[in-house]
Protein chains: 2
Amino acid sequence: MTSTLVPVFAALGDDTRWGILSALGEGDASASALADRMPVSRQAIAKHLAVLQEVGLVESHKVGREVRFRVVGSQLAATARHLDAVGAQWDRRLAALKRVAESL
Amino acid sequence: MTSTLVPVFAALGDDTRWGILSALGEGDASASALADRMPVSRQAIAKHLAVLQEVGLVESHKVGREVRFRVVGSQLAATARHLDAVGAQWDRRLAALKRVAESL
DNA sequence: CTCAAGTGCAACTTTTAAGTTGCATTTTCG
DNA sequence: CGAAAATGCAACTTAAAAGTTGCACTTGAG
């Protein structure tokens, strides 16, 4: 599970993809619709959507002749929980080291 | 604050940097010490440490003639909280849309 | 004091990601 | 049944990140 975590962060480390996620927050949309209100080409949007879908941050469904995308909020929440757990683990290690240091 | 969030994710979206963070979890270390147990050069490590420090994930302090780095767990926790909040917001939007759809 | 350990700076190559353009293909709406 | 809208695929160009090598500089351990 940790093995799939890094690509999720990589996907979230791009401004354009956050723009896409933000736009999708106002309702499902196709790549073409997103390209209309964003300063990059449709193909660029399509690539970003592929990246986001690859790591489970969005999912697609067909409506008529277009492919609409929606945000998978639960994946964000899961990633957040994972990150929080990692942070807590480090805090515990640091606290343990501190106790050892103080006991000397 | 949101403006500084994306670079944090970008910093976390790299396997080598996770290796560094993992190694630092076992205790503070210098760039040279990290390079000894990792398959990349010291300079590469130094660059990664600079990136991590830039976004507040590690901090440095001098010990003798070496510069040691430690993980800042609180930054991870803060990022996790932020991500969780974003995810929750999307969930609320999706739920609202669902209610609207069902009321039709 | 001295010299090796540790770090910092800079130029360079390689790799990968982002973005574009162009065209082919599908398909549903009218 | 067409024609326009939407998507998919492929080749290409930038642009940026990752990594390397080499050397100069600093400084603290012995």
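**Two chains, two DNA strands**

Let's start at the DNA. Four elements each supply at least two residues of the surface near DNA strand C: α4 (42-54) of chain A, together with α3 (31-36), α4 (42-54) and β3 (66-71) of chain B. Keep in mind that this is a predicted model.

Which of these elements gives the most to the surface near strand C? It is α4(A), with four residues. In total, 19 residues surround DNA strand C. The closest are Ser41(A) and Gly64(A) from one chain, and Ser30(B), Ser32(B) and Glu66(B) from the other. By residue class, the surface near strand C has six nonpolar, seven polar and six charged residues.

Now strand D. Here 20 residues lie around the DNA. Those that come nearest are Ser30(A), Ser32(A), Ser41(B), Gly64(B) and Arg65(B). Two or more residues each come from α3 (31-36), α4 and β3 (66-71) of chain A, and from α4 of chain B. The largest share of the surface near strand D belongs to α4(B), with five residues. The classes there are six nonpolar, eight polar and six charged.

Next, how the two protein chains meet. The contact involves 24 residues of chain A and 24 residues of chain B. On the chain A side, α1 (5-12), α2 (15-24) and α5 (73-102) each supply at least two residues. Which helix supplies the largest share of that side? That is α5(A), with 14 residues. What is the make-up of the chain A side, by class? It divides into 14 nonpolar, six polar and four charged residues.

Do keep the symmetry in view. Chain A can be laid on chain B with an RMSD of 0.1 Å. The operation is a turn of 180° with a shift of 0.0 Å along the axis. The two copies are therefore related as by a two-fold rotation axis. In chain A, the C-alpha nearest that axis belongs to Ala80(A), at 2.2 Å. And 100% of the interface residues of chain A are also interface residues in chain B, so the copies meet through the same surface.

Now a single chain. Chain A has five helices and three strands. From the N terminus on, the order is α-α-β-α-α-β-β-α. Why call chain A more spread out than a compact globule? Because its radius of gyration is 19 Å, well over the 13 Å that the globule rule gives for 104 residues. The C-alpha trace of chain A spans about 70 × 25 × 25 Å along its principal axes. Of the 104 residues in chain A, 28% count as buried. Take the contacts in chain A with a separation of 6 or more: residues 24 or more positions apart account for 44% of them.

Last, the sheet, taking chain B. Three strands form an open sheet in the order β1-β3-β2, with antiparallel pairing. The edge strands are β1 (29-30) and β2 (58-63) of chain B, each pairing on one side only. Between β2(B) and β3(B), which run antiparallel, there are six bridges. One place to look is Val58(B), which stands opposite Val71(B) in β3(B).

To wrap up, go back to the helices. At the protein contact, α5(A) supplies the largest share of the chain A side. At the DNA, α4(A) gives the most near strand C, and α4(B) has the largest share near strand D.

Key. Residues numbered from 1 in each chain as written. Chains lettered and ligands numbered in written order. Predicted model: local features only at pLDDT ≥ 70, side-chain atom pairs only at ≥ 80, totals over all residues. Contact = placed C-beta atoms within 7 Å. Nonpolar A, V, L, I, M, F, W, Y, C, P; charged D, E, K, R; others polar. Near = placed C-beta within 6 Å. Least-squares fit on C-alpha atoms with pLDDT ≥ 70 in both. Rg over C-alpha atoms; globule rule 2.2 N^0.38 Å. Buried ≥ 20, exposed ≤ 12 C-beta atoms within 10 Å, placed from the backbone. Pairing = 2+ DSSP bridges.
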